[in-house]
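Student: I'd like to go through the labels on this one and ask what earns each of them. Can we put it up first?

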Amino acid sequence: MKIKSITPYLKKLALTKPYTIAYSTFYDVELVFLEIELENGIIGLSSASPAEEVIGENSQQTLQNLQSEVVQNFVGRDIRHFRQIIFETHQHFPLLAGTQAAIDLALHDAFGKFLDIPIIDFYGQKIKYLPTSVTIGIMGMNETLEEAKSYAQLGFKVIKVKTGIDVEEDIERIIRLHEIYKNNLKIRVDANQGYTLENLKKFLLKTANTNLELIEQPLKVGQESELFALSSDECRLLAADESLKNAKSALEFSTIHQPFGIFNIKLMKCGGILGALEIANIAQQANIDLFWGCNDESIASITAALHVAYSCKNTRYLDLDGSFDLAADLVTGGFTLEDGFLKINQKAGFGYEKIV
């Protein structure tokens, strides 16, 4: 079955509320959508949310790349050769993960619909379902406690707290959350490169009794070797995010001396499902756990991440809350949220539908 048309377009979607991380505050998100139509009328739909500060590509550049002659020349190709097309995309657009992801996910969705199976069935489901964390941005103590309370009341079991501006305030927030919820609400931390090694050591020491699940990207990219000053148990608690972009960096961090015990895989960093699986396979051989994250994203790309996450047996953590704070989306379905757990709906492709 041949590809009939390839149509990219841009949408700016408002967030229900702004949030702050260590280096910025966000009010809306600009997403790129891509539709790949087959000759029989099947449409594969994807969305990309590239983070320029991490991968060096923004949504405007992604849109331009998808409109290029290189991509439009994929029209007429057989959808059964989708992996070859993804390979050629990586050759034409090296290091442009947003462009790669948009094409990768749209082709996967179209191929799954062509076979009339969910993508998870194509790769094989290893994980039934897991809870996702929900994110609390950098804010004062009272606001933090209010957000945590509202999430707990909604049934969520895990929260991820953004930190990285003031380590003393960060410590106070985590200790207070633990005092209130004990083990009824698991806590993760994302410093977004906001700590020095000295501050990280202080944070680890003062929060040692709070049963933190993990600490995401504490130091700046390029400072990973400083983490060897920590114990191996402390490094096992750390998750690579901005430092982990592709299989090459995964190999670098999978040697005998591992600065991270967890890899945070985002489809928007590694260029889609095939890039994610390369990282996942390396991590499995190195006994590194997988933590699947996201940016502010459409249900489309969140669902795709969920499919590949559940196909990897070393998946331990989900942080796929990127669509929860969108005031509107272009698709619906894909997964269900039940008491904080994300479950795939088992429909063909990625199982979501475009809102008409």
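Student: How do the residues lining the largest cavity divide into nonpolar, polar and charged?

Tutor: Eight are nonpolar, with no polar and no charged ones. The lining is Ile-3, Ile-6, Ile-36, Val-71, Phe-74, Ile-85, Ile-103 and Leu-107. Ala, Val, Leu, Ile, Met, Phe, Trp, Tyr, Cys and Pro count as nonpolar, Asp, Glu, Lys and Arg as charged, and the others, Gly among them, as polar, so each name in that lining lands in the nonpolar class. Before going on: this is a predicted model, where local features need pLDDT of at least 70 and side-chain atom pairs pLDDT 80 or more, while totals for chains, interfaces and linings use all residues. Residues are numbered from 1 along each chain as its sequence is written, and side-chain values use heavy atoms, leaving out hydrogens and water.

Student: What makes something a cavity here, as opposed to a pocket?

Tutor: On a 1 Å grid over the protein atoms alone, a cavity is a set of points where a 1.4 Å probe fits but cannot get out, whereas a pocket is an open set with protein on both sides within 12 Å along at least five of seven lines; lining residues have an atom within 4 Å of a point. The count comes to one cavity of 30 Å³ or more, and the largest holds about 30 Å³. That volume is the space filled by probe spheres set on the points, which are joined across faces, edges and corners.

Student: Which element supplies the largest share of the lining of the second largest pocket?

Tutor: Helix 13, with five residues. Helices (H or I, at least four residues) and strands (E, at least two) are DSSP runs, numbered from the N terminus. The pocket itself has about 390 Å³ of space. Of its 20 lining residues, His-90, Gln-100, Asn-246, Cys-270 and Glu-278 are the closest to its centre. By class, the lining has 10 nonpolar, six polar and four charged residues.

Student: How do you know that strand 6 and strand 7 pair?

Tutor: Two strands pair if DSSP finds at least two bridges between them. Strand 6 (residues 158–162) and strand 7 run parallel with five bridges, so they qualify. The chain crosses between them through helix 8 (residues 167–181), and this β-α-β crossover is right-handed: with the strands pointing away from the viewer, the path from the first strand over the helix to the second runs clockwise. Strand 7 and strand 8 (residues 215–216) also pair in the parallel sense, over two bridges.

Student: Why is the contact between Lys-160 and Glu-216 called a salt bridge?

Tutor: The rule is a side-chain nitrogen of Lys or Arg within 4 Å of a carboxyl oxygen of Asp or Glu. Here N to O is 3.1 Å, so the pair passes. Lys-160 sits in strand 6 and Glu-216 in strand 8, 56 residues apart.

Student: Are Lys-160 and Glu-216 buried or exposed?

Tutor: Buried means under 20% relative accessible area, exposed over 50%, and partly exposed in between (1.4 Å probe, protein chains only). Lys-160 is at 4%, so Lys-160 is buried, and Glu-216 at 0% is buried too.

Student: What about Glu-213 and Lys-186, buried or partly exposed?

Tutor: Glu-213 has 19% relative accessibility and therefore counts as buried, while Lys-186 at 45% is partly exposed. Their side chains meet in a salt bridge at 4.0 Å, N to O.
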